[in-house]
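Here are my notes on the model you sent over. I've kept them as numbered points, so you can follow along with the structure open.

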Amino acid sequence: MADARRAETLHEWTVAGAIVERPAPGAATDVLLVRNVRRDGSTDWSPPGGVIEVHAGEVLLDGLTREVAEETGLVVTAWTGPLYEVTVTAPGLGWRLRVEVHRADAWEGVLAVDDPDGIVTDAHFVHVGACAERCGGAHPWVHEPLADWLGERWDGSRPYGYRVDGARRDLLHVTRVP
């Protein structure tokens, strides 16, 4: 009964992510990734970003600019995107997530991690060729679209959908959906 009620009342999250790049030696680029410490103590790497307070009237790009500054100390002054959009539904866990990922066209500042939420504990520019391995421990809805975009760099936006089945983190099954 509790699982049925949980599935009927999904909590909706709006999240924004940032692709922040800098030139690297040669023709490649480095991509900014942050280390996240999760509630259960596990860690993963992802692009910076976070929950946007849409219920409080926060505009997505304003919230993304805030999140990047809080997590990395960098101030983004121009955005392109979204590059891709992700929806994730987890009925057994009681939530639905909508993510937009944008590219930072201009930014300034020096890396300085000071996340008020205490989730982000480190930030590094990582060579584009090493991003897939570094982000491999993140959820598929984080690392798959990122790897695709870094490999293809398409114009416009692409949709990605995922369904998470299960009610325990250690027993979750993630499926890509159209």
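1. One definition to start with: two strands pair if DSSP finds at least two bridges between them. Keep in mind that this is a predicted model. Strand 6 (residues 75-90) and strand 7 (residues 95-108) are paired in the antiparallel sense, with twelve bridges. Within that pairing, A78 sits opposite A106 of strand 7.

2. Now the sheet as a whole. It's an open one of six strands, running 5-1-7-6-9-10, and the pairing is mixed. Strand 5 (49-51) and strand 10 (173-177) are the edges; each has a single partner strand, so one side of each has no neighbour in the sheet. From one strand to the next, the twist averages 25 degrees.

3. What packs on this sheet? Helix 4 does, and the strands it touches are strand 1 (11-19), strand 6, strand 7, strand 9 (158-165) and strand 10. The direction of helix 4 makes about 155 degrees with that of strand 9.

4. Have a look at D105, which is in strand 7. Is D105 buried or exposed? Neither, quite: its relative accessibility is 39%, and the partly exposed class runs between 20% and 50%, so D105 counts as partly exposed. Not counting residues up to four places away in sequence, D105 touches A78, W79 and T80. As for T43, it is 62 residues from D105 in sequence and 28 Å from it in space, C-alpha to C-alpha.

5. Two backbone spots are worth checking by eye. As background, most residues other than glycine have a negative phi, and most peptide bonds are trans. The peptide bond from G81 to P82 is cis, with omega near 10 degrees, and P82 belongs to strand 6. R153 has a positive phi, near 50 degrees, and isn't a glycine. You'll find R153 in the loop between helix 4 and strand 9; with a relative accessible area of 34%, R153 is partly exposed.

6. Strand 3 and strand 4 make a hairpin with five residues between them. Their pairing is antiparallel and covers four bridges, with R35 having W45 in strand 4 as its bridge partner. In the turn, G41 has a positive phi of about 90 degrees.

7. W45 deserves a point of its own. This strand 4 residue has 14% relative accessibility, under the 20% cut-off, and therefore counts as buried. Which residues does W45 contact, leaving aside its neighbours within four places in sequence? They are L33, V34, R35, N36, D122, H124, R134, C135 and A138. T77, by comparison, is 32 residues from W45 in sequence and 24 Å from it in space, C-alpha to C-alpha.

8. E67 is the charged residue I'd look at in helix 2. Its relative accessibility is 5%, which puts E67 in the buried class because that class covers anything under 20%. Beyond its neighbours within four places in sequence, E67 is in contact with G49, G50 and V51.

9. On to empty space, starting with the open kind. The largest pocket holds about 1,400 Å³ and has 43 lining residues, with V15, R38, V51, L97 and I119 nearest its centre. Which elements give two or more residues to that lining? Strand 1, strand 3 (29-37), strand 4 (43-46), strand 5, helix 2 (60-72), strand 6, strand 7 and helix 4. By class, the lining of the largest pocket comes to 24 nonpolar, six polar and 13 charged residues.

10. Finally, the enclosed space. How many cavities of 30 Å³ or more does the structure hold? One, and its volume is about 30 Å³. The lining of this largest cavity consists of C131, A132, C135, H143, L146, A147 and L150. Helix 3 (131-134) and helix 4 (140-152) are the elements that give two or more residues to it, and helix 4 gives the most, with four. The lining of the largest cavity divides into six nonpolar residues, one polar and no charged.

Terms used
Residues numbered from 1 in each chain as written. Predicted model: local features only at pLDDT ≥ 70, side-chain atom pairs only at ≥ 80, totals over all residues. Heavy atoms only, no water. 1 Å grid on protein atoms, 1.4 Å probe; cavity = no way out; pocket = protein on both sides within 12 Å on 5 of 7 lines; lining within 4 Å. Points joined across faces, edges and corners; volume = space filled by probe spheres on them. Axes fitted to C-alpha atoms, helices over the stretch in contact; angles between N-to-C directions. Contact = heavy atoms within 4.5 Å. Buried < 20%, exposed > 50% of the residue type's maximum accessible area, 1.4 Å probe, protein only.
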